[in-house]
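Student: I would like a close look at one part of this protein. Please pick a single strand and show me how the rest is built around that part.

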Amino acid sequence: MPHLAILDLDGTILGTPDDDRALSALRVFLAGGWHIAIATNQPARVRSDLCAARVIIAEAAGRDVPWYICNHDIGDGCDCRKPQPGLLKCAIDDCGVPAISAWMIGDKWSDMLAAQRIGIHCCLVEWFGYRRAGRTQMQPTKPPDVYCRDLLVAAELLTGVYT
Ligand SMILES: [Mg+2]
Ligand SMILES: [Zn+2]
């Protein structure tokens, strides 16, 4: 059965202590037969930065990857800004995998909460973002399914479990 890894961008793939290492996880997922998609909250002011990120990620993955982006602001009340699950829902629908086969992987509790709200698995990559910001963020009512040190560990673990 194909699986889908929905990946947060900032602090998970880019802006980590070792982006090369995190980027190499993309190929681990793809080599394991997984689909991957990016789901990211972006304020409008940094939209242009995503052009560079798209190139970096397509090169690292060796192919185009679907992106799901919330460009709304926090006060807009949209249903896509994580911890709302709209981006994740779109990724799952477009990919065509059952929800049971989808994982959300990110560095913040808002990523975990978005996944839990639609009943998919979630993995927190702890790096430093979690440690810096975790205390003040909205807390999910239940812990992530899996904690990993970084995205590469998550990719190796999950693709190994589901072979
Ligand atoms: Mg993040
Ligand atoms: Zn939005």
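Tutor: What follows starts from strand S2 and works outwards through its neighbours.

This is a predicted model. The protein chain has six helices and six strands. Read from the N terminus, its elements run β-α-β-α-β-α-β-α-β-α-β-α. Of its 163 residues, 40% count as buried.

Now go to S2. The strand covers residues 35–41, and seven of its seven residues are buried. Look at which way they point. His35, Ala37, Ala39 and Asn41 point one way. Ile36, Ile38 and Thr40 point the other way. Both sets are buried. In a regular strand, side chains alternate between the two faces of the sheet.

Next, the partners of S2. Strand S1, residues 4–7, runs parallel to S2, and four bridges join the two. Alanine 5 has isoleucine 36 of S2 as its bridge partner. To get from S1 to S2, the chain passes through helix H1, residues 19–31. This β-α-β crossover is right-handed. Isoleucine 6, too, has a bridge partner in S2, and that partner is alanine 37.

Strand S3, residues 67–70, also runs parallel to S2, and four bridges join these two. Here alanine 39 stands opposite tyrosine 68 of S3. Strands of a sheet pair through backbone hydrogen bonds, either parallel or antiparallel.

Step back to the whole sheet. Six strands form an open sheet, in the order S3-S2-S1-S4-S5-S6, and the pairing is parallel. S3 and S6 (146–148) are the edge strands, and each pairs on one side only. From one strand to the next, the twist averages 20°. Helix H4, residues 109–117, packs on this sheet. H4 touches S4 (102–106) and S5 (121–125), and its direction makes about 175° with that of S5.

Stay with H4 for a moment. Tryptophan 109 has its place in this helix. Why does tryptophan 109 count as buried? Because 24 other C-beta atoms lie within 10 Å, and the cut-off is 20 or more. Its C-alpha atom is separated by 9.1 Å from that of proline 143, 34 residues apart along the chain.

Go back to isoleucine 6, the partner of alanine 37. Leave aside its neighbours within four places in sequence. Isoleucine 6 is then in contact with Ala37 and Ala39, and also with Leu88, Ala91, Ala102, Trp103 and Met104. In the largest nonpolar core, which has 42 residues, Ile6, Leu88 and Trp103 touch the most other members. Which elements give two or more residues to this core? They are S1, H1, S2, helix H3 (86–95), S4, H4, S5 and helix H6 (151–161). In soluble globular proteins, nonpolar side chains tend to be buried together.

Two helices on that list deserve a visit. In H3, the buried residues are Leu87, Leu88, Lys89, Ala91 and Ile92. These buried residues pack against S1, S2, S3, S4 and H4. H6 is the place of leucine 158. Leucine 158 is buried, because 23 other C-beta atoms lie within 10 Å, again with a cut-off of 20 or more. The C-alpha atoms of leucine 158 and phenylalanine 29 are separated by 8.4 Å, though these residues are 129 residues apart along the chain. The chain as a whole has many such pairs to consider: among contacts with a separation of 6 or more, 67% come from residues 24 or more positions apart.

Last, some backbone details. Helix H2 covers residues 49–61. At 1.5 Å a residue, its 13 residues should span 18 Å; the end C-alpha atoms are 19 Å apart, so the two values agree. Just after H2, glycine 62 takes a positive phi of about 80°. Just after H3, glycine 96 also takes a positive phi, of about 85°. In the loop between S3 and H3 lies proline 83. A cis peptide bond joins lysine 82 to proline 83, with omega about 20°. Most residues other than glycine have a negative phi, and most peptide bonds are trans.

To return to the start: S2 is mostly covered, with S1 and S3 each joined to S2 by four bridges.

Methods: Residues numbered from 1 in each chain as written. Chains lettered and ligands numbered in written order. Predicted model: local features only at pLDDT ≥ 70, side-chain atom pairs only at ≥ 80, totals over all residues. Buried ≥ 20, exposed ≤ 12 C-beta atoms within 10 Å, placed from the backbone. Pairing = 2+ DSSP bridges. Right-handed = clockwise from strand over helix to strand, strands pointing away. Axes fitted to C-alpha atoms, helices over the stretch in contact; angles between N-to-C directions. Contact = placed C-beta atoms within 7 Å. Expected span 1.5 Å × (residues − 1). Core = buried A, V, L, I, M, F, W, Y, C linked by C-beta atoms within 7 Å.
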